[in-house]
Amino acid sequence: MANRARIAVLSTRKVENEGRRRRLRIGLDVHTYEQADPLEPQSVGVGDRVMDTVGRWDRRLRDRPDEIVRWLTERLLLPPRADAGPEAPRRLVVSIGLSDPSAPTGYRIHGRGVTGDVRTEDGRLVLHRLRRTGDAEGQGPLRLTECRLEFTDVSRASEAHAEMKHQLNRLATGQGFLAMWHEYNRLETRFVRRQVRDVGFGRYTEREPLGDGVYRFRVDASSHLDDQELTLTERARRGLDARETLELEAAQTLPEALAAADEEDASEWALIGDRLGKGVVSGTVVAADVAAGTIDLRLVELGRRRVSGVGRDFTVAPPPQGFLYRSFRGDRRQMQRRKAAFDRILADGTRIPNLLALFEGKTVSADPPRRTTRAVSAAVRDCFRGGEPTPMQERALEVALNTPDIAVIQGPPGTGKTQVITALQTRLAEEGRGYARLRGSILLTSFQHAAVDELVERSRVFGLPANKVDRAAAARPSRRTGGCRRRSTGSPRRSTPTPSGGRSACCGR
């Protein structure tokens, strides 16, 4: 028995009543194992597969990797020997040989009610599979050994977090995608701010409505920046003569970009951080009289939107006195969205765990889809000229339909990208036909009206045309149906605004 060890396990604990007396019954199972030599210290990774298994067994542990690692430690490892200190190696019952003869060499840990297969994958030890006791087959003789073994989280979420820390370190040293993105945003913000200062500002003392959404502003010629070469009225007149469009804002106070005495006095994100007061309106210059010191603006309502042809028109009047300066609300909104996305990435708040690695051009692992969506159907063939997609078009559809994260399809003009997009939304609609309710929408966006118009004309979901969303107030009839299919951005439940004044088409799914 020199090479054997005994382990006593408390198997049952029952209280029985015998009249006035209570009796405690305890079941004790004693196991005898062959004593094996201690193992070298090991770190065993726990991936998504085992995490999901434990989460199915105990819903309280779902999405709690630290608790799952603690659960595995308690279930698979035994305490140290009674005569050893608390820092002594823990004991574990193992058998050599896995149920899959083709699997890499490893061992099986036999714990309390569960068994776990440990093997080498990509040069590291991982807990490959977890089973309940009784489900495992093909085990060898059981041995008792000692090992400083710890389970570590190697799930995709953990790896993404580690990648995030790596990228943040690169950001601090000015390297990598995040650093490049941050620098680009900083330079663009400074460029827009420089444009605002180049145009300068003018203080207006009164304004009067001229009708048709046009207001006349009387501008004080003595109010301008110290380094402003032209007065605002002169700048507006020169722009009209050159047939350039100049959009100005009217506000009670100056933004920080213009209030600072010098460009370097303002903060780096001055345009983004500025709070724009109520009543700020924007308009396009339609007339400028240098001698009279007046500028006429056709106002653009920047607040709520209305559905074209529904309800009354409304215009927010500019403040009675205030300042005119180059409009930068659109640029500001775009940079705000970009900075918000940047901050979400820094806070690990994206829904794609490997987003940073994808940005860096790295190959990331992802579970294959549970089922593969077929790319081509009869409706899809109708989307292509000639009735069939090319091999590359079919491949693009397969990738887009089955990607676990992001699919990027590139191609020069004339390669049929629009046909692929039309076929893709058609195929997605077919896949969603069996849903009990509408599960969402397909949003198609572009910076050009023509591209969205082309998609709108080609897109039909369940026999219905798509809705076009943009800032235009007038509806335009569809060439295919003769009906109006454009909607302004009035209802947030029907439309989604796009950055930089982009256009979008919503195809209901």
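**Exercise 1.** In this predicted model, is Asp58 buried or exposed, and which residue does the Asp58 side chain meet in a salt bridge?

*Solution.* Start with the accessibility of Asp58: the relative accessible area is 17%. Buried means under 20%, so Asp58 goes in the buried group. Next, look for the partner, which turns out to be Arg60, with N to O at 3.0 Å. Now check Arg60 in the same way: the relative accessible area there is 64%. Exposed means over 50%, so Arg60 counts as exposed. This salt bridge, then, joins a buried Asp58 to an exposed Arg60.

**Exercise 2.** Find the salt-bridge partner of Arg119, then sort Arg119 by its accessibility and do likewise for the partner.

*Solution.* The partner is Glu121, and the closest N and O atoms sit 3.0 Å apart. Arg119 has 15% relative accessibility, so we call it buried. Glu121 comes out at 28%. Partly exposed covers the range between the 20% and 50% cut-offs, so that's the label for Glu121.

**Exercise 3.** Which helix holds both Glu398 and Arg395, and how do their side chains meet?

*Solution.* Go to helix H11, residues 391–402: both residues lie there, three residues apart, or about one turn of the helix. Their side chains meet in a salt bridge, at 3.8 Å from N to O. For accessibility, Glu398 is partly exposed at 31%, and Arg395 is partly exposed at 47%.

**Exercise 4.** How many salt bridges does the structure hold, and which residues are linked with Glu67 in a network?

*Solution.* The total is 17 salt bridges. As for Glu67, a network of salt bridges links it with Arg64 and Arg70.

**Exercise 5.** Trace the pairing of strand S13 with S12 and with S14, and say what lies between S13 and S14.

*Solution.* Take S12 to begin with. This strand covers residues 247–251 and pairs with S13, residues 281–289, in the antiparallel sense over four bridges. For a landmark, pick Glu247, which stands opposite Thr284 in S13.

Now move to S14, residues 294–300. S13 and S14 pair in the antiparallel sense too, over seven bridges. Here a handy landmark is Ala288, whose bridge partner in S14 is Ile295.

Last step: the link between them. S13 and S14 form a hairpin with four residues in between, and Gly293 in the turn has a positive phi of about 70°. Put together, S13 pairs with S12 and also with S14.

Notes: Residues numbered from 1 in each chain as written. Predicted model: local features only at pLDDT ≥ 70, side-chain atom pairs only at ≥ 80, totals over all residues. Heavy atoms only, no water. Pairing = 2+ DSSP bridges. Helix = DSSP H or I, 4+ residues; strand = E, 2+ residues; numbered from the N terminus. Salt bridge = Lys/Arg side-chain N within 4 Å of Asp/Glu carboxyl O. Buried < 20%, exposed > 50% of the residue type's maximum accessible area, 1.4 Å probe, protein only.
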